[in-house]
Amino acid sequence: MLVLTRKAKQKIMIGDNIEIELLSIEGDQVKLGISAPKDIDVNRYEVYEAIQKENDEASKKIDITKILK
């Protein structure tokens with residue numbers, strides 16, 4: 001894991017096309033702005049986890065015997 005210290009309005013680049021800007025710091029909250037190509041999903045971690053869980057559950061519901069007939 002790379003750990004960086006940034007001040008408000010400073011940016012971080014990931015590759016050539018993902019830009020993260022620290023917009024503000026208010027108390028214990030940090031506000032980030034993320035610019036990424038439209039084909040790259042950007043989600044909060046808890047949303048990402050929920051999507052992964054739903055995908056796992058959906059894949060378990062597939063009846064392979066119906067597909068093979």
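**Exercise 1. Place Lys9 in the chain and describe its backbone and its exposure.**

Solution. Begin with position: Lys9 lies in the segment before S1, where strands (E, at least two residues) and helices (H or I, at least four) are DSSP runs numbered from the N terminus. The model is a predicted one, in which local features need pLDDT of at least 70 and side-chain atom pairs count only at pLDDT 80 or more, while totals for chains, interfaces and linings use all residues. Residues are numbered from 1 along each chain as its sequence is written, and side-chain values use heavy atoms, with hydrogens and water left out.

Next, take the backbone: the phi of Lys9 is near 75°, which is a positive value in a residue other than glycine. Most residues other than glycine have a negative phi. Finally, consider the surface: Lys9 is exposed because its relative accessible area is 55%, given that exposed means over 50%, buried under 20% and partly exposed in between (1.4 Å probe, protein chains only).

**Exercise 2. Work out the arrangement of the strands.**

Solution. Start from the whole chain, which has two helices and three strands and follows the pattern β-β-β-α-α along the sequence. The three strands form an open sheet in the order S1-S2-S3, with antiparallel pairing; two strands are taken to pair if DSSP finds at least two bridges between them. The edge strands, each pairing on one side only, are S1 (11-14) and S3 (29-35).

Then look at one pair in detail: S1 and S2 are joined in the antiparallel sense over four bridges, and Ile12 stands opposite Ile20 in S2. These two strands form a hairpin with three residues between them, and Gly15 in the turn has a positive phi of about 65°.

**Exercise 3. Compare the surroundings of Glu19 and Ser24.**

Solution. First locate both residues: Glu19 is in strand S2 (residues 18-26), and Ser24 is also found in strand S2. Next, classify them by accessibility: Glu19 counts as partly exposed because its relative accessibility is 24%, whereas Ser24 is buried because its relative accessible area is 18%.

Now list the contacts, meaning heavy atoms within 4.5 Å. Not counting residues up to four places away in sequence, Glu19 touches Lys11, Ile12, Met13, Gly33, Ile34 and Ser35; with the same kind of neighbours left aside, Ser24 is in contact with Gln29, Val30 and Lys31. The C-alpha atoms of Glu19 and Gly33 are separated by 8.0 Å, although these residues are 14 apart along the chain.

Last, examine the side chain of Glu19, which makes a polar contact with the side chain of Lys11 (3.3 Å). Such a contact is a pair of N or O atoms within 3.5 Å; within protein, one must be able to donate a hydrogen and the other to accept it, and residues adjacent in sequence count only if both atoms are side-chain atoms.
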